Amino acid sequence: MNITPYNKEQLDTMLFIIDYMESLSVSQLDELRNKITDYLAFRKDVSAFFERHLNIICMRKCYESKLSACCTREGIITFFADMVVNVLCSAPVRRNQIIHALKNNHSGNKCVYLGEQGCMWQVKPIVCEMFLCDSVINEAFSGNNGLKEEWEKFRRQEKQFKWPDKPVLFDELETIFIQQGFSSPLMYFHNSPGLMRIKKQSLPKA
Ligand code: SF4
Ligand code: SF4
């Protein structure tokens, strides 16, 4: 059976990221890792927040019923930078699991990255990490303004990495690969009209 267009885009992008990283020296890889240190710290804080306050709700509403409503949609948006971060943080066995899924999963009734043990990504896409369904929002935040404010703070922090009205990590990671001659449809900071417009508007006026 043919690979779906979505899986092919994801697979091609992941394979060239891996190829490029395998061509780097240890110090060049360290340089790349240093760039994502603050982002990984942010992701760790968000995970801890979920662990403390939200996972128990998701467990009851979705995981116990095997519904996993977040992950039952196919074609989840992944940014190029999501893939770079995930490849940098994943052991080869985990990368291979993803490659195998992209080459062989044709079901289309759930996210291709959802495996037996949950999400196959080591550092899952930011869109997934920051998604809260209405029932979680209502149950966790109504009557708890402190918690709601904590979440909104994370939302503002997220923008520091991916809202391109200033130089941001997600754009920078794309640029690094573009300068090496790579291109991918997942490079939204260089091909999405909306994001390009925000970047353009933020340039100093001549
Ligand atoms: S955020 Fe909502 S849909 Fe997603 S896993 Fe939690 S309860 Fe389920
Ligand atoms: S990438 Fe992972 S977290 Fe996101 S929808 Fe797919 S399985 Fe779920």
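Is Arg52 buried or exposed? With a relative accessible area of 53%, Arg52 is exposed, and I will come back to that residue when we reach the salt bridges. Before that, please keep in mind throughout that what we are looking at is a predicted model.

Let me begin with the chain as a whole. Its secondary structure comes to eleven helices and two strands, and if we read the elements from the N terminus onward, the order is α-α-α-α-α-β-β-α-α-α-α-α-α. The radius of gyration is 18 Å, close to the 17 Å that the globule rule gives for 206 residues, so the chain is as compact as a globular protein of that length. Taken along the principal axes, the box filled by the C-alpha atoms is roughly 50 × 50 × 35 Å.

On the contacts within the chain, if we consider those with a separation of 6 or more, 76% of them are accounted for by residues 24 or more positions apart. Of the 206 residues, 40% are buried, while the accessible surface of the chain comes to about 11,900 Å², with 54% of that surface belonging to carbon and sulfur atoms.

Now to the charges. The chain carries 26 positive and 24 negative side chains, and the centres of these two sets lie 3 Å apart. Side chains of opposite charge can pair when their charged atoms come close. How many salt bridges does a search of the whole structure find? The search finds twelve, and I would like to take you through some of them.

The pair that brings us back to Arg52 is its salt bridge with Glu150, in which the closest N and O atoms are 3.5 Å apart. Glu150 lies in helix α8, residues 145–162, and Arg52 in helix α3, residues 37–63, so this pair ties together parts of the chain that are 98 residues apart in sequence. As for the surroundings of the two partners, Glu150 is partly exposed, with a relative accessible area of 29%, whereas Arg52, as I said at the start, is exposed at 53%.

Another pair is formed by Lys124 and Glu129, whose side chains meet in a salt bridge at 3.8 Å, N to O. Here Lys124 counts as partly exposed, at 31% relative accessibility, while Glu129, with a relative accessible area of 5%, is buried.

The pair I want to spend some time on is Asp171 with Lys199, where the closest N and O atoms of the salt bridge are 3.2 Å apart. Asp171 lies in helix α9, residues 169–179, and Lys199 in helix α11, residues 193–202, so the pair ties together parts that are 28 residues apart in sequence. Both partners are on the buried side of the 20% cut-off, with Asp171 at 12% relative accessibility and Lys199 at 18%. Returning briefly to Lys124 and Glu129, salt bridges that share partners join these two residues and Arg43 into one network.

Let us stay with Asp171 for a moment. Which residues does Asp171 contact, leaving aside its neighbours within four places in sequence? They are Phe189, His190 and Lys199, the last of these being the salt-bridge partner just described. In addition, Asp171 and Phe80, which are 91 residues apart in sequence, have their C-alpha atoms 9.0 Å apart in space.

Helix α9 also holds Phe170, which at 0% relative accessibility counts as buried. Once its neighbours within four places in sequence are left aside, Phe170 is in contact with Tyr39, Phe79, Ala81, Asp82, Ile126, Phe161, Lys162 and Phe189. Phe189 thus appears in the contact lists of both Asp171 and Phe170. By way of a further distance, the C-alpha atoms of Phe170 and Ile99, which are 71 residues apart along the chain, are separated by 23 Å.

I will finish with a residue towards the other end of the chain, Asn7, whose place is in helix α1, residues 5–22. Is Asn7 buried or exposed? At 4% relative accessibility, Asn7 counts as buried, and apart from neighbours within four places in sequence, Asn7 is in contact with Ala101, Leu102, Asn105 and Val112.

Key
Residues numbered from 1 in each chain as written. Chains lettered and ligands numbered in written order. Predicted model: local features only at pLDDT ≥ 70, side-chain atom pairs only at ≥ 80, totals over all residues. Heavy atoms only, no water. Helix = DSSP H or I, 4+ residues; strand = E, 2+ residues; numbered from the N terminus. Rg over C-alpha atoms; globule rule 2.2 N^0.38 Å. Buried < 20%, exposed > 50% of the residue type's maximum accessible area, 1.4 Å probe, protein only. Contact = heavy atoms within 4.5 Å. Areas by Shrake-Rupley, 256 points an atom, 1.4 Å probe, with all protein chains shown as cover. Lys, Arg positive; Asp, Glu negative; His and termini not counted. Charge placed at Lys NZ, Arg CZ, Asp CG, Glu CD. Salt bridge = Lys/Arg side-chain N within 4 Å of Asp/Glu carboxyl O.
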